[in-house]
Amino acid sequence: MADKNFCPLSLAQHFDAPAEYRGAFGWICGYSADAAFLNDAAERFTRATQGQRAHGGYVSLALILDPGHPAIGPVDVPGLAHLPIRHLPERPFRLLHAKVAVLGFRHESGDGRWRIRLLVSTGN
């Protein structure tokens, strides 16, 4: 029987690490460039708070946005590296609108088990 109370996951909830796993590294292209959302996503992904990520000093998420978007710094979102696209005079696109993320989760036991999650969204 179908669940009549089905509620789809929010975009941030898709970054939640599976049980017994922690986010190790993720590549994000074109998702929300809002620091509040990215902090939420990074916390869910790594299971570490903003302060813990800042203290740890490691990068767990890489972000690529349209070249016209202002840079998001590591103070705003610890653990995130905003990788700007070099401003080329002849870009092969007008606007980077893709909404794709590849998230890699490593098992907490350290035994080499991984889970990979692919997120694709229209963002519309």
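This is a short tour of the model, stop by stop.

**Before you start**

The model is predicted: local features need pLDDT of at least 70, side-chain atom pairs count only at pLDDT 80 or more, and totals for chains, interfaces and linings use all residues. Residues are numbered from 1 along each chain as its sequence is written, and side-chain values use heavy atoms, with hydrogens and water left out.

**Stop 1: the whole chain**

Show the cartoon. The protein has two helices and five strands. Here helices (H or I, at least four residues) and strands (E, at least two) are DSSP runs, numbered from the N terminus. From that end, the elements run β-α-α-β-β-β-β.

Now switch on the surface. About 7,800 Å² is exposed, and carbon and sulfur atoms supply 57% of it. Such areas come from the Shrake-Rupley method with a 1.4 Å probe; for residues, only the protein chains shown count as cover. Of the 124 residues, 34% are buried. Buried means under 20% relative accessible area, exposed over 50%, and partly exposed in between (1.4 Å probe, protein chains only).

**Stop 2: the sheet**

Select the strands. In what order do the five strands lie in the sheet? The order is β3-β2-β1-β4-β5, in an open sheet with mixed pairing. β3 (80-82) and β5 (114-120) are at the edges with a single partner strand each, so one side of each has no neighbour in the sheet. From one strand to the next, the twist averages 15°. Two strands pair if DSSP finds at least two bridges between them.

Go through the pairs:

- β1 and β4 run antiparallel, joined by eight bridges. Pick G26: its bridge partner in β4 is L103.
- β1 and β2 run parallel, with four bridges. Pick W27: its bridge partner in β2 is A62.
- β4 and β5 are antiparallel over seven bridges. Pick G104: I116 in β5 stands opposite.

**Stop 3: the helix across the sheet**

Select α1 (35-46). This helix lies across β1, β2, β3 and β4, and runs at about 145° to β1. Axes are lines fitted to C-alpha atoms, for helices over the stretch in contact, and angles run from 0 to 180 degrees between N-to-C directions.

**Stop 4: the core**

The largest nonpolar core has 20 residues. Such a core is a set of buried Ala, Val, Leu, Ile, Met, Phe, Trp, Tyr and Cys residues joined through side-chain atoms within 4.5 Å. Show F15, L38, L61, L63, I72, L80 and L103, which have the most contacts inside this core. β1, α1, β2 (61-64) and β4 each give at least two residues. α1 gives the largest share, five residues.

Centre on L61. Beyond residues up to four places away in sequence, L61 touches G26, I28, A42, F45, G79, L80, A81 and L103. Contact means heavy atoms within 4.5 Å.

**Stop 5: G104**

Move to G104 in β4 (residues 100-107). Is G104 buried or exposed? G104 counts as buried, at 5% relative accessibility. Outside its neighbours within four places, its contacts include R22, F45 and W114. Add A17: its C-alpha atom is 9.2 Å from that of G104, though the two residues are 87 apart along the chain.

**Stop 6: two positive phi angles**

Select E20, in the segment before β1 (21-29). Its phi is near 70°, positive in a residue other than glycine. End at R47, in the loop between α1 and α2 (50-56). Phi of R47 is near 60°, also positive in a residue other than glycine. R47 is partly exposed, with a relative accessible area of 36%.
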